[in-house]
Each structure stands twice: as C-alpha cells, then as structure tokens.
Amino acid sequence: MEILEKLKNKERLSYEDGLKLYELDLFTLGKFANAKRRELNGDKVYFNANRHINPTNFCKDVCLFCAFSAHRKNAKSYTMSHDEIMAIVDDTVKRDTKEIHIVSAHNPNVSWQWYLEIFKMIKDKYPHLHIKAMTAAEVDFLAKNNGFSYEEILDKMIEYGVDSMPGGGAEIFDEAIRKKVCNGKVKSDEWLKIHSLWHQRGRESNATMLFGHIEERKHRVDHMLRLRDVQDMAIKNGKGGFNAFIPLVYQRNNNYLKVKKFLGSVEILKTFAVSRLMLDNITHIKSYWATSTINLALVAQEFGCDDLDGTIEKETIQSSAGAASKNGLTMKDFIDLIKTAGLTPVERDSLYNELKVY
Ligand code: V47
C-alpha cells in the first residue's frame, strides 16, 4: 500500500495522504505516529505549572460552540478589574507557577489599554513569569476595534510584556465550516497571517484546532496543512514558529451548535496520530487534558502526543461547555499519572526548555 511505503520512507505527506491515514486501522496508524513521537521526543511527557486567567467573558462575537462568553445560555457577564487579576497572580506565584495563560473574550466596552496593561502590570511585579496571552482572534478584535494594524498590536504586545501567543481562535480553517460555527470572528487567512507576523518578530506561538463538531476529516487535514505551510515559512526565515499543535476536542454542553454525532475515542486518537504525522515540522503535539480527559490524554501519548498542557488551576472556557477541568490538576497528579503510564514526566517552561525530569 502506497501510504505505508511513504510512512516507512518518512516522506512528507500530502492532503490525499492525510485522508488515507485516517483509513488505516488505529494500531497501524498509531505505530507510525508513536515512532515519530519517539524520534522527536523520546518517551518524555511534557507539562508545565501554569495558571489560566480569563479576564472578561463579554464578547461581541457569538461562536456557536462557545459556552464561555456571556449570552442567552450564560447570561452572567463579567469583567475583572486589574486588581482582581493581580490578586490571582499574587496567589498563584506562591505555588511556583511559571506561566500565566491569559485569554479574554472580545469586549468592546473596555479599551485596548485595559487589555494590554494587564500584561505590563504582571511583568513589572513578576518579571520571571512567562506571559502567554492574546489569541489571534483577540489581536484581530483589538486591531479592528481600535483602528490599528496587526503589526501595531503585535508590537504593543511585545512592549507590554507578552512572551508567547496561545493557539486559540483557530477553530477550523475551512471557510464554509468556519462561517457556520464562528461567523464574524477572525478569518482563517487573518489568523494565519497574525501568527506569521508574530513569528517574523522572532516570537513563538501555539496552534489549536477545534474538532468533533460539524467538520469532517478532510477539513482537519486541510487545517493541519495550512499550519504546516506557515511553519515552513518560519523555519525558512530562521525566526519564531509554532511550538505545539493542540487538537481541542469539542465539548457539547451549554452552547448553540447542534451536533448530531459525537466522536468516539478511536476517531479522537486517530486525529492526534494524523496530526503527528502530517505536522512533520512542529515538534510537539499536545493532548490538552481539559478537552480529551486526562485518561485519554495519557493514552494519546502512545498515539503521537508528547504534552498534556499544565496544572491550569482554574479553567473556564472548556468547563463551561462540560469539560471536567474546572479546578486543574496538581504537579503530583501529573507526575504520578505519567509514571504509572510507563513514560517519563518532564516539567517544562512555556518554550519547552526542560526544567525537571522526574
Ligand atoms: O479557540 C471554545 C476552544 C479555545 C469550546 O496555546 C472549545 O497552549 C472545546 O486556545 N469545546 C481557547 N473547546 C483555548 C485555547 C488553548 C487551550 C489550551 C492551551 C492553549 C495553548 C490554547 O477554546 C478556543 C476554542 O477553540 N473552545 N469552546 C468547546 N465547546
């Protein structure tokens, strides 16, 4: 079979190959994905000590899959004061948190300074904390809402202390599906352009894909290939790039998306494995435990993934839609679970420098 030959020869895979990968049985596919994972990351499972903060849920956009933003089903809108945000940071640093992951809704009632001064305030007090903040959807919103170019917003982010960008807002790049699930939000080519501009500034970011809703396999493969092209460009330029690809499993509660058929574990694992093989130029594939459950996230470590994300402490976006991630996990949980799975726990920083191998 031609696809098996290509896998054995470690050839770069095309769109058609991506679809053929899905046709393989899970164990054949998993064997190749695991081999690639071991070639890149050995038997290490990465995680970090992080804290998620979502400063506001008031959003001008209505994404049908979202249960986090304030809308009819979740009428309670909030916007934190900077003091409230700082109190969370003051508390979390006591537990030796290394990364603050900040994602907000697109709130037209606050200024661009309100968004960006959060980062400056944290950096001034805790210069050692890594700030992973501003999805490309937020960059697009701040730019369009305030008459700035993407370049101007990205430069301001650097000035105010953002270290790296999270992968949110990518959803699914196929324009027809995107229009159905999140019409009005940052467009696919804009999302890709924003990350590319960030990479040109020598900076690193992540990339997500929301799957298991109304998209099909072909849309997932297309999504991966658009990211692979952007990463090729970063590598060619010798600057910045994507650290990790994060396939987010769609959570079904409290939102407006009418999904008839939900994915089973086999299709979820296949998607992790396909992404490991298609994205030959992105070193890490994260099975984000909040959306895949910690149990499947651990199994996924044998199917191409090498990262679980972090302790999180408090999670709002996915848990609003039904995920069991509200209160995070402890470092001890991670270490014990990874060891029990027969793999090597590695605490990393946000850019995948190894801090401690257990
Ligand atoms: O883009 C919204 C997703 C994302 C649902 O970069 C949902 O390290 C599942 O991007 N079911 C934001 N997902 C979170 C995000 C992220 C998470 C963890 C790590 C990183 C990283 C980034 O949350 C959004 C959207 O795709 N989301 N609603 C839902 N119902």
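Helices and strands are here DSSP runs, numbered from the N terminus. The model is predicted.

**Exercise 1. Place Ile312 and Asp309, and describe their backbone and burial.**

Step 1. Locate Ile312. This residue sits in the loop between β8 and α14 (317–320).

Step 2. Check its backbone. Phi of Ile312 is positive, near 65°, and the residue is not a glycine.

Step 3. Check its burial. The cut-off for buried is under 20% relative accessible area. Ile312 has 0% relative accessibility, so it counts as buried.

Step 4. Turn to Asp309. Its place is strand β8 (residues 307–310). Asp309 is not a glycine either, yet its phi is positive, about 70°. With a relative accessible area of 2%, Asp309 is buried.

**Exercise 2. Work out how helix α3 starts, how far it spans, what it packs against and what follows it.**

Step 1. Begin at the start of the helix. There, a side-chain oxygen of Asp25 comes to within 3.0 Å of the backbone nitrogen of Phe27.

Step 2. Compare the span with expectation. Helix α3 covers residues 26–41, 16 residues in total. From first to last C-alpha it reaches 21 Å, close to the 22 Å expected at 1.5 Å a residue.

Step 3. List the buried positions. They are Leu26, Leu29, Gly30, Phe32, Ala33, Asn34, Lys36, Arg37 and Asn41.

Step 4. Find their partners. The buried residues of α3 pack against helices α1 (2–8), α2 (15–23) and α11 (265–278), and against strands β1 (44–48) and β7 (284–285).

Step 5. Look past the end. Gly42 follows α3, and its phi is positive, near 60°.

**Exercise 3. Describe the sheet that holds β5, β6 and β7, and decide whether β6 is enclosed or open to the outside.**

Step 1. Set the order. The 3 strands form an open sheet, β5-β6-β7, with parallel pairing. The edges are β5 and β7, each pairing on one side only.

Step 2. Recall how such pairing works. Strands of a sheet pair through backbone hydrogen bonds, either parallel or antiparallel.

Step 3. Count the bridges. Strand β5 (residues 204–211) is joined to β6 by 8 bridges.

Step 4. Fix the register. Thr208 faces Ile246 in β6. Met209 stands opposite Pro247 in β6.

Step 5. Judge the enclosure. In strand β6 (residues 241–249), 9 of the 9 residues are buried, so the strand is largely enclosed by the rest of the structure.

**Exercise 4. Trace the surroundings of the ligand.**

Step 1. Name the nearest residues. There are 24 residues around the ligand, and Lys132, Gly167, Gly169, Glu171 and Lys286 come nearest.

Step 2. List polar approaches to ligand oxygen atoms. A polar side-chain atom of Glu171 is 2.4 Å from a ligand oxygen. For Gly169, a polar backbone atom is 2.7 Å from a ligand oxygen. For Asn206, a polar side-chain atom is 3.0 Å from a ligand oxygen.

Step 3. Gauge the cover. Alone, the ligand exposes 620 Å², and the protein buries 96% of that.

**Exercise 5. Characterise Lys132 and Glu171, two of the residues nearest the ligand.**

Step 1. Place Lys132. It belongs to strand β4 (residues 130–133). Its relative accessible area is 5%, so Lys132 is buried.

Step 2. Find its neighbours. Beyond four places in sequence, Lys132 contacts residues including Ile100, Asn206, Lys286 and Asp309. The side chains of Lys132 and Glu99 make a polar contact of 3.4 Å.

Step 3. Place Glu171. It lies in the loop between α7 (150–160) and α8. At a relative accessible area of 7%, Glu171 is buried.

Step 4. Find its neighbours. Beyond four places in sequence, Glu171 touches Thr208 and Met209, among others. A polar contact of 2.6 Å joins its side chain to that of Lys185.

**Exercise 6. Describe the setting of Ile177.**

Step 1. Locate it. Ile177 is in helix α8 (residues 175–182).

Step 2. Assign burial. Its relative accessibility is 8%, so Ile177 counts as buried.

Step 3. List contacts. Leaving out residues up to four places away in sequence, Ile177 touches Ile172, His213, Ile214, Glu215 and His219.

Step 4. Check a distance. Ile177 and Tyr160 are 17 residues apart along the chain, and their C-alpha atoms are separated by 35 Å.

Conventions: Residues numbered from 1 in each chain as written. Predicted model: local features only at pLDDT ≥ 70, side-chain atom pairs only at ≥ 80, totals over all residues. Heavy atoms only, no water. Helix = DSSP H or I, 4+ residues; strand = E, 2+ residues; numbered from the N terminus. Expected span 1.5 Å × (residues − 1). Buried < 20%, exposed > 50% of the residue type's maximum accessible area, 1.4 Å probe, protein only. Contact = heavy atoms within 4.5 Å. Polar contact = N/O pair within 3.5 Å; in protein donor to acceptor, adjacent residues only side chain to side chain. Near = heavy atom within 4 Å. Areas by Shrake-Rupley, 256 points an atom, 1.4 Å probe, with all protein chains shown as cover. Pairing = 2+ DSSP bridges.
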